[in-house]
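Thanks for coming. I have one structure to show today, and I will keep to what can be read from its coordinates.

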Amino acid sequence: MEAPGRRSMGNKKTFVLYPSLGVGHLIPMVELAKQLLRHGLAALVAVVDPPDTDAVSAAAVSRLAASNPAISFRLLPAPASPDAAAHPAKRSHDTLRLANPALRDLLLSLPAVDALLLDMFCVDALDVAAELRVPAYFFFPSAAGDLACFLNLPYLYPTLPSFKDMGKTLVRCPGMPPIRALDMVLTMQDKESDQTKIRLYQFARIPEGRGVLVNSFDWLEPRALKALQDGVCVPGRPTTRVFCIGPLVNDGKSGEAHECLAWLDAQPLRSVVFLCFGSKGAFSAAQLQEIARGLESSGHRFLWAVRSPPEEHDQFPEPDLERLLPAGFLERTRGRGTVVKNWVPQAEVVRHEAVGAFVTHCGWNSVLEAIMAGLPMICWPLYAEQGMNKVFMVEEMKIAVELQGYEELVKAEEVEAKVRLVMETEEGKILRERLAVAREKALEATKEGGPSEVAFDEFMRDLEKKG
């Protein structure tokens, strides 16, 4: 049997991209696929499709496939995790492992596969790549600082108590500022939990790949990249090569005429505060009330994407705004603000000239989109590595401010205060100036001859090496 990695299909190299489960992992992979196409390469995105995949993911695949006809998409049937009651991180890990046979069949069915580009959680696919002698690289869709930390945690965490027992004690990893334990990865707060053990297993296997493509750029994260290049994150073994090829973000040109864009067209320049919290971002009814009161008191224009509270979502997938928000809020703020149910075209909104600040959950896609728009951010981390990203953004990159109390309940007064700070004060002006510089550096990075393009060329040369 001839291995896919040894076959040829003319001069056009073919890459199979393999995202983890969930929209937040799929979208960056599609941006990577677009980057491959821009370099004259072929891209196929293989999406694991277990029977319990939610409708949001299925809709996202359809939407992305329709808007990117040059990218091939393939759904891989896979059994769901056998342990339906397990933590989502364990269910996802089990499902991806059980998808290995389907991935293997796909690779064997293709006339050429020059490399397999894996999501950071798809580490068990390394076994398929090794069997078929296909070069495997990881695509890391978050900050280089997160990667430096994750590579180090399998060695550091066994020496520490559980993060949940450390509170505000600072955790120190190479290449990152000190981070409070409570801001470390949400799924890893209990070191004895199944999800933490899974994450440590996944992070420990990342160095087995030929390299890691990171969705960031040199200027933004020099300290983290130096630690990765110096090999200090993975003690006692070689650190895999890192190629900083970002920022890869949605260009904000979906062509969808969402009603909120027409509303923004009628607003003054840089006057609107945009609040949007990703595909999983949902708040309790009490928290929604506080946000609404804070926005109303601030006096500023706003565009706010609202989801049903987590405990209500299954019963009420579309939020009942009249019930969830303060009595009369929608009427009192009519014209000055608009509330959208569930979804907005975020990439278009952050680039709109009417938007002046972005209240974000600090998902890395969102951070990069805001940087590319020169848009200052107000941080409200919710899950995953977002607390870590908040630290990088506020303390190291200095492109954002944080909302106090996000660990439990953010009060209306704090929402108002941070909106006013960014929109009205000298500190907000300095933030906007820093973001203007960051945007210029991001654009320079991705130009021909820029550091991210040079890194991509280095990746392609690395792929040509044997072994």
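I will go through a sheet, some buried and exposed residues, one helix, and then the aromatic rings.

One point before the details: this is a predicted model.

Let me start with the sheet. Six strands make it up, it is open, and the strand order reads 12-11-10-13-14-15. The pairing is parallel. At the edges we have strand 12, residues 337-341, and strand 15, residues 400-402, each of which pairs on one side only. From one strand to the next, the twist averages 20 degrees. Packed on this sheet is helix 10, residues 285-298, which touches strand 10 at 272-276 and strand 11 at 301-306. The direction of helix 10 makes about 165 degrees with that of strand 11.

Now go to the edge with strand 15. Strand 14, residues 377-379, runs parallel to strand 15, and three bridges join the two. Which residue of strand 15 is the bridge partner of Met377? The partner is Ala400.

Stay with Met377, which lies in strand 14. Is Met377 buried or exposed? Its relative accessibility is 0%, so Met377 counts as buried. Leaving out neighbours within four places in sequence, Met377 has contacts with Phe358, Thr360, Val367, Ala370, Ile371, Met393, Ile399, Ala400, Val401 and Leu435. Ala400 in that list is the bridge partner I just mentioned. For a distance across the model, take Met377 and Leu463: they are 86 residues apart along the chain, and their C-alpha atoms are separated by 37 Å.

Next, the N-terminal part of the numbering. Strand 1 and strand 2 run parallel and are joined by four bridges. Thr14 stands opposite Ala42 of strand 2. Strand 2 is mostly covered, with seven of its eight residues buried.

Helix 4 covers residues 100-109, and its buried residues are Asn100, Ala102, Leu103, Leu106 and Leu107. Why do I say that they line one face? Looking down the axis of helix 4, the buried residues fall within an arc of 160 degrees, so one face of the helix is lined by them. As a reminder, an α-helix has 3.6 residues a turn, so residues three or four places apart point the same way. What do the buried residues of helix 4 pack against? The list is strand 1 at 14-18, strand 2 at 42-49, strand 3 at 72-77, helix 3, strand 4 at 115-119 and helix 5 at 125-132.

Helix 3 runs from 88 to 98 and holds Ser92. Ser92 has a relative accessible area of 18%; the cut-off for buried is under 20%, so Ser92 is buried. Beyond residues up to four places away in sequence, Ser92 touches Ser20 and Leu21.

For contrast, take Ala66, in helix 2, residues 55-67. Ala66 is exposed, at a relative accessible area of 61%. Ala66 and Ala373 are 307 residues apart in sequence, and 25 Å apart in space from C-alpha to C-alpha.

Last, the aromatic rings. How many aromatic pairs are there? The count comes to 14. One of them is Phe150 with Phe203, a stacked pair at 4.4 Å centre to centre and 0 degrees between the planes. Phe150 is in helix 6, residues 144-156, and Phe203 is in helix 7, residues 194-205, so the pair ties together parts that are 53 residues apart in sequence. Both Phe150 and Phe203 are buried.

A second pair is Phe217 and Trp219, with ring centres 6.4 Å apart and planes at 10 degrees, so this pair is stacked. Phe217 is at 0% relative accessibility and counts as buried, whereas Trp219, at 40%, counts as partly exposed.

There is also an aromatic cluster, formed by Phe15, Tyr137, Phe243, Phe456 and Phe459.

Two arginines belong in this section too. Arg199 lies over the face of Phe121, 3.9 Å from the ring centre. Arg323 has its charged end over the ring of Phe316, at 5.4 Å from the centre.

To close, two places to look at again: Met377, buried in strand 14, and the stacked pair of Phe150 and Phe203. That is what I have.

Definitions and conventions: Residues numbered from 1 in each chain as written. Predicted model: local features only at pLDDT ≥ 70, side-chain atom pairs only at ≥ 80, totals over all residues. Heavy atoms only, no water. Pairing = 2+ DSSP bridges. Axes fitted to C-alpha atoms, helices over the stretch in contact; angles between N-to-C directions. Contact = heavy atoms within 4.5 Å. Buried < 20%, exposed > 50% of the residue type's maximum accessible area, 1.4 Å probe, protein only. Phe/Tyr/Trp six-rings, centres within 6.5 Å; stacked < 30°, edge-to-face > 60°. Lys NZ or Arg CZ within 6 Å of the ring centre and 35° of its normal. Arc of directions from axis to C-beta.
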